[in-house]
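This report describes selected features of one protein chain, beginning with a pocket and the residues around it.

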Amino acid sequence: MLPALAWSALGYNVLVILWGAFVRISGAGAGCGAHWPLCNGVALPVSPTLNTVIEFSHRLTSGLSGLLAIALLALALFRSPKGHPVRTGAILSLLLIIFEGLVGGVQVLLGLTATSTNPARGFVQGVHLANTFLLLGALLLTAVWASGGPKLRLRGQGRLGWAVTVAVVSMLVLGMAGAVTALGDLLFTPTGMTPLDTVRQDFSLSTGIIQTLRVVHPVMALAVSAYLLWFAGRVGSRQGNGGSLLEPRRWKTALHALIGVQILAGILNIVLKAPGWMQLLHLFLGCALWLGVVMLCYVAMLARPVTVTAPLPSGARA
């Protein structure tokens, strides 16, 4: 039951993230006004507008993700022994979901929604995305540990540890830049005939910081992709530790494929001038790529042979 709940929580949170992006793209972020956690000053909106329905539904789905995190932690404490990594993963997941809600609340209370072009909105949006990635990573590891994956070893990794750190941090920074770019695409719809026209427009004297930073993400994406391809190639040759889920070569192949598809999606996003559906697809692939990086880093850092623990039995207790 614990593994099923952990994997379900991961999948559900991906859907919540995509729905949150739809709220931004649709311009419904101010559907509940400058009120949080209440909606337009009340717990349950009366005669709501369409934007209010969209925003309020996102708050409800986000609240459910918090309840799932609480249930996951309770089940992890009840069915795993002390010191089991699934407990750490569940605790971290709950803390990150709480922080996720607080960041969303800050956006609403400061009016950094809808058509706001306040530069602070770009910063908060970037922090929101980085926390989202960390949350998905924590949920993924929790699910792996609940399914019998060995505890992660952080010490004694040497150069591999540094390479993993660069991969994780670069993906987080890339995600933050992507959040700012998506915000720029929403607030400043590309109007030029070609991508080069858009770049000229972004660097004109009349543009703001959010619009100017829009070009950073695609340039950074190429550099990070090159590093990840090298990183996956190096660690993909390491010996696996107990089954296909922990086989680095499989995750190397998956990561290479995800990088290729994501680059193609990014190019289409630019060529098509960032339509809403393309932004959602780009974000979904970004989440998948991040999870692939986390998984490859995890299996690569299982440096020494370990015994894979069996999935937690339904009757086990702390």
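In this predicted model, the second largest pocket holds about 560 Å³ of space. Its lining is made up of 23 residues. Those that lie nearest the centre of the pocket are Leu141, Trp145, Leu152, Leu154 and Val294. Four helices, H3, H4, H5 and H10, each contribute at least two residues to this lining. By residue class, the lining of the second largest pocket divides as follows.

| Class of lining residue | Number of residues |
|---|---|
| Nonpolar | 16 residues |
| Polar | 6 residues |
| Charged | 1 residue |

Leu152, one of the residues nearest the pocket centre, is located in the loop that runs between helix H4 (119-146) and helix H5 (159-187). Is Leu152 buried or exposed? Its relative accessible area is 24%; because buried requires a value under 20% and exposed a value over 50%, Leu152 is classed as partly exposed.

Leaving aside residues up to four places away in sequence, Leu152 touches Trp145, Tyr298 and Met301. Of these contacts, Trp145 is also among the residues nearest the centre of the second largest pocket. Leu152 and Tyr298 are separated by 146 residues in sequence, yet their C-alpha atoms are 6.9 Å apart in space.

Towards the N terminus, helix H1 covers residues 2-26. At 1.5 Å a residue, its 25 residues should span 36 Å, and the C-alpha atoms at its ends are 36 Å apart, so the expected and computed spans agree. Gly27 follows H1 and has a positive phi, near 75 degrees.

Notes
Residues numbered from 1 in each chain as written. Predicted model: local features only at pLDDT ≥ 70, side-chain atom pairs only at ≥ 80, totals over all residues. Heavy atoms only, no water. Expected span 1.5 Å × (residues − 1). Buried < 20%, exposed > 50% of the residue type's maximum accessible area, 1.4 Å probe, protein only. Contact = heavy atoms within 4.5 Å. 1 Å grid on protein atoms, 1.4 Å probe; cavity = no way out; pocket = protein on both sides within 12 Å on 5 of 7 lines; lining within 4 Å. Points joined across faces, edges and corners; volume = space filled by probe spheres on them. Nonpolar A, V, L, I, M, F, W, Y, C, P; charged D, E, K, R; others polar.
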